[in-house]
Amino acid sequence: MYTLFTVGNAICAWIDNFYLMLFFRAVGGIGSGLVVPLQNTFIASYPEEERATMLGLNNVTGALIVAPLAVISGIVATINWRYVFHLYWVNLLAILLVAIFLPKHIEKPVHTAKNTEAVSEEKPKLSEYSHVLFFYYFMMTGCYLCVTALASQLAPYLENLQLGGAVESGMMVGVGMIGSLAAGLTFGKFIAVVQRKALPIAFAICIVCMDLLWLAPNLAIVALAQILTALCSTLIVMTVAFELSRTLPLSLYPTASAGINFFVFVLQFFAPILFLALVEIVPMGSFRTVFMIYTLVQVAMLALSILLPKVLLDRA
């Protein structure tokens with residue numbers, strides 16, 4: 001899978017035909033789409049107390065690798081845009097490490113009751129867990145449609161509030177990385193302390209984010225909102241991945257994990273579309289008004305994150 005991702009992208013450095021390049025980019029996308037669920041499934045095979053920490057560190061590692069590569073790619077692109085594709089060869093190291101260290105078979109943690117499939121002639125079916133998948137995917141949707149909207153609209157948002165432009169926007173993107181790294185580094189302890197209250201707490205942070213972006217008296221408050229936005233969006237995705245690993249049999253987890261990636265991709269695409277549609281509707285195209293609406297949406301999601309489990313997941 002890493003080979004598909006690496007070769008499918010790196011080979012574009014030598015391709016002149018646009019449609020052929022598009023094909024190989026799709027091949028790379030398929031490789032990426034297969035790697036992440038399998039990676040999460042491997043993590044899900046570990047005991048719960050280790051699993052949350054590993055999910056967090058996995059997020060931190062990804063952020064620490066992607067951030068400098070994004071900077072380097074910008075520099076390389078000024079020399080020759082084709083050279084950017086050569087950066088994908090860095091994944092050869094990952095392929096080597098996988099070949100050396102990754103076990104050939106993933107085993108279920110025998111002491112985790114929910115992950116241990118009962119001895120039965122019938123294999124578990126994903127449809128049996130449809131209520132669980134609905135709840136967690138719905139929670140993720142309610143978060144991502146709001147908190148990721150600013151990612152592509154940061155510069156227009158700052159201009160709309162007369163707080164800056166492209167330069168300040170670039171600074172805010174860098175600042176936001178702090179929240180994502182903080183979420184990854186603390187996720188193991190976060191889950192251990194809050195346990196089943198993880199989603200409500202994440203949505204409470206989302207409310208603060210949207211409220212700060214609604215009021216935003218100065219650039220410092222926007223920076224704080226950026227940090228909290230990255231924090232809560234990362235917490236939501238990791239919490240959903242962790243809770244599904246606790247609830248689903250391991251044989252069904254790769255499909256559920258692929259579903260998380262699909263929703264994240266689609267929601268990141270639709271979030272700015274929804275945001276711009278609302279900007280067109282609200283009086284005077286006020287970005288503040290849109291984030292006031294998003295604040296109310298997150299209040300509703302907080303209530304649902306508390307009430308829905310009692311109905312769908314039979315939790316007291």
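Select arginine 196 first: in this predicted model its relative accessible area is 34%, so it counts as partly exposed. Its side chain forms a salt bridge with glutamate 243, and the closest N and O atoms of the two are 2.7 Å apart. Add glutamate 243 to the selection. With a relative accessible area of 3%, glutamate 243 is buried, because the cut-off for buried is under 20%. The two partners sit in distant parts of the chain, 47 residues apart: arginine 196 is in the loop between α7 (166-194) and α8 (198-215), and glutamate 243 is in helix α9.

**The rest of the network**

Extend the selection to Glu48 and Arg246, which are linked with Arg196 and Glu243 in a network of salt bridges. Arginine 246 and glutamate 48 meet through their side chains at 3.3 Å, N to O. Arginine 246 belongs to helix α9 and glutamate 48 to helix α3, so this pair ties together parts that are 198 residues apart in sequence. How accessible is arginine 246, buried or exposed? Its relative accessible area is 14%, so arginine 246 is buried. Glutamate 48, at 24% relative accessibility, counts as partly exposed.

**One residue back: glutamine 195**

Stay in the loop between α7 and α8 and select glutamine 195. Its phi is positive, about 55°, although the residue is not a glycine. Most residues other than glycine have a negative phi. Glutamine 195 is partly exposed, with a relative accessible area of 48%.

A second positive phi is found at methionine 284, where the angle is near 60° and the residue is again not a glycine. To find methionine 284, go to the loop between α10 (253-281) and α11 (287-312). Its relative accessible area is 86%, so methionine 284 counts as exposed.

**The nonpolar core**

Now colour helix α9 (residues 219-247), which gives 14 residues to the largest nonpolar core, the most of any contributor. That core has 74 residues; Met140, Tyr157, Phe187, Leu235, Leu244, Ile260 and Tyr294 touch the most other members. Select phenylalanine 187 and display its surroundings. What does phenylalanine 187 touch, not counting residues up to four places away in sequence? The list is Ala52, Leu55, Gly56, Leu235, Met238, Thr239 and Phe242.

Another core lies apart from the largest one; it has 5 residues, among them Cys12, Ala13, Met21 and Phe85.

**Helix α5**

Select residues 130-147, which make up helix α5. At 1.5 Å a residue, its 18 residues should span 26 Å, and the end C-alpha atoms are 26 Å apart, which agrees. Of these 18 residues, 13 are buried, so α5 is largely enclosed by the rest of the structure.

**A salt bridge between two loops**

Next, select aspartate 16 and arginine 82. They form a salt bridge in which the closest N and O atoms are 2.7 Å apart. Aspartate 16 is in the loop between α1 (2-10) and α2 (18-44), while arginine 82 is in the loop between α3 and α4; the pair links distant parts of the chain, 66 residues apart. Aspartate 16 has a relative accessible area of 70%, so it counts as exposed. A search of the whole structure finds 4 salt bridges.

**A nonpolar surface patch**

Switch to a surface view and select Val7, Trp14, Trp89 and Leu92. These residues form a nonpolar patch on the surface, with about 400 Å² of accessible area together. Where is tryptophan 89 in the chain? It lies in the loop between α3 (48-79) and α4 (91-101). Its relative accessibility is 31%, so tryptophan 89 counts as partly exposed.

**The whole chain**

Finally, clear the selection and view the whole chain in cartoon form. The protein chain has 11 helices and 0 strands. Of its 316 residues, 44% count as buried. Among the contacts with a separation of 6 or more, 77% are between residues 24 or more positions apart. The protein chain exposes about 16,500 Å², and carbon and sulfur atoms supply 71% of that area.

Technical notes. Residues are numbered from 1 along each chain as its sequence is written. This is a predicted model: local features need pLDDT of at least 70, side-chain atom pairs count only at pLDDT 80 or more; totals for chains, interfaces and linings use all residues. Side-chain values use heavy atoms; hydrogens and water are left out. A nonpolar core is a set of buried Ala, Val, Leu, Ile, Met, Phe, Trp, Tyr and Cys residues joined through side-chain atoms within 4.5 Å. Buried means under 20% relative accessible area, exposed over 50%, partly exposed in between (1.4 Å probe, protein chains only). Helices (H or I, at least four residues) and strands (E, at least two) are DSSP runs, numbered from the N terminus. Contact means heavy atoms within 4.5 Å. Patches are made of residues with over 30% relative accessible area and no salt bridge: like charges are joined within 9 Å, nonpolar side chains (Val, Leu, Ile, Met, Phe, Trp, Tyr) within 5 Å. Accessible areas come from the Shrake-Rupley method with a 1.4 Å probe; for residues, only the protein chains shown count as cover. The expected span of a helix is 1.5 Å times one less than its number of residues.
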